[in-house]
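User: I am new to this structure. Please walk me through it in short questions and answers.

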Amino acid sequence: MARLDDYGRFLRSGYTLRELAFNGFRLMIWSRLTSALKHSFARRGAGVVIDCTATVQGSRYIEIDDGSWAQRHTWLTVPLIELPQPPAGPVLKIGRRVQIGPRTTLSAVREVVIEDDVLFGMNVYVSDHIHAFRDPRTPIKDQGLPPAGRVRIGKGAWIGANVVIVADGKDLEIGANAVIGANSVVTKSVPPRSVAAGSPVRVVDRWDEASGRWTSGREDAAPSD
């Protein structure tokens, strides 16, 4: 994937100079300026772009590393109002060159880690917590949060559109270079170099290191290291 400032490659791909000029201004100038004024991240790497339409809450408990991009209407949140006390340190950690698709939500109260080069489709929801709901006499919005789990999405994974990933009181890991199919619901770990889909999610294909082939027999290229 081209860097946002690799204008020559975009032009060679067929984008017009007018497209690049207006989008470049919005992303590289206006979005960076508004984010610098609004967000006090625990760590902000070089070349990070937070779209001017994104919502960020609890930014001092969020780390985002070099070259990552949060697209239109994304929501990065540490919901401090729901917690009895603030976290001891950053709980939402986003690695290098992560692309967060439009209208995606990343919400953390204990730990959500997004490793390098993860690709999110649009409308993805990732959370390490849920609302408590076991008291039938109290509105769910007033029941607070039960103990949270941890979420880790491994290096190079692809999370398809409309996926929901929730750690309901336990740890959940999506392995490196795994693919989660669109519209899936993930509440359990998914192994690396696999394809998983469904609600609830299940593994439908997996790269076999011994044979150098996908277990389904498809002749797709091997995932990169």
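User: Is R97 buried, exposed or partly exposed, and what is its relative accessibility?
Analyst: This is a predicted model, where local features need pLDDT of at least 70, side-chain atom pairs count only at pLDDT 80 or more, and totals for chains, interfaces and linings use all residues. Residues are numbered from 1 along each chain as its sequence is written, and side-chain values use heavy atoms, with hydrogens and water left out. Buried means under 20% relative accessible area, exposed over 50%, and partly exposed in between, with a 1.4 Å probe and protein chains only. R97 therefore counts as partly exposed, at 45%.

User: Where does R97 lie, and what is its phi?
Analyst: R97 lies in the loop between β7 (92-94) and β8 (99-100). Most residues other than glycine have a negative phi. R97 is not a glycine, yet its phi is positive, near 55 degrees.

User: What is the phi of N177, and is N177 buried or exposed?
Analyst: N177 sits in the loop between β16 and β17 (179-180). Its phi is positive, about 60 degrees, although N177 is not a glycine. At 18% relative accessibility, N177 is buried.

User: How many helices and strands does the chain have?
Analyst: Helices (H or I, at least four residues) and strands (E, at least two) are DSSP runs, numbered from the N terminus. By that count the chain has 2 helices and 21 strands.

User: Why is the chain called as compact as a globular protein of its length?
Analyst: The radius of gyration is taken over C-alpha atoms, and the globule rule is 2.2 Å times the number of residues to the power 0.38. For 225 residues the rule gives 17 Å, so the chain counts as that compact with its close value of 19 Å.

User: What does the C-alpha trace span, and what share of the residues is buried?
Analyst: Along its principal axes, the C-alpha trace spans about 60 × 50 × 25 Å. Of the 225 residues, the buried share is 44%.

User: In which order do the strands of the open sheet run, and which are the edge strands?
Analyst: Two strands pair if DSSP finds at least two bridges between them. The open sheet has 6 strands with parallel pairing, in the order β1-β4-β7-β10-β13-β16. Each edge strand pairs on one side only; the edges are β1 and β16.

User: Which residue stands opposite I62?
Analyst: Strand β4 (residues 62-64) runs parallel to β7, joined by 3 bridges. Opposite I62, in β7, stands L92.

User: Which strands pair with β13, and what is the bridge partner of I153?
Analyst: Strand β10 (residues 111-114) pairs with β13 in the parallel sense over 4 bridges, and E111 stands opposite R150 there. Strand β16 (residues 172-174) also runs parallel to β13, over 3 bridges. In β16, the partner of I153 is I174.

User: Which residues form the covered face of β13, and which the uncovered one?
Analyst: Strand β13 covers residues 150-153. The uncovered face holds R150 and R152. The covered face holds V151 and I153.

User: Is S35 buried or exposed, and what does it touch?
Analyst: S35 is found in helix α2 (residues 17-38). At 1% relative accessibility, S35 counts as buried. Contact means heavy atoms within 4.5 Å. Not counting residues up to four places away in sequence, S35 touches F41, R44 and I50.

User: With which residues is H39 in contact?
Analyst: H39 follows in the loop between α2 and β1 (43-44). H39 is buried, with a relative accessible area of 8%. Leaving aside neighbours within four places in sequence, its contacts are R44, I50, V56 and S59.

User: Which peptide bond is cis, and what is its omega?
Analyst: Most peptide bonds are trans. P200 is in the loop between β19 (194-197) and β20 (202-208). A cis bond joins S199 and P200, with omega about 5 degrees.

User: Which glycine has a positive phi in the hairpin of β19 and β20?
Analyst: The two strands run antiparallel over 4 bridges, with A196 partnered by V203. The hairpin has 4 residues between the strands. The positive phi, near 110 degrees, belongs to G198.

User: Which residue stands opposite W207?
Analyst: β20 pairs with strand β21 (residues 213-214) in the antiparallel sense over 2 bridges. Their hairpin has 4 residues between the strands, and G212 in the turn has a positive phi of about 65 degrees. Opposite W207, in β21, stands W214.
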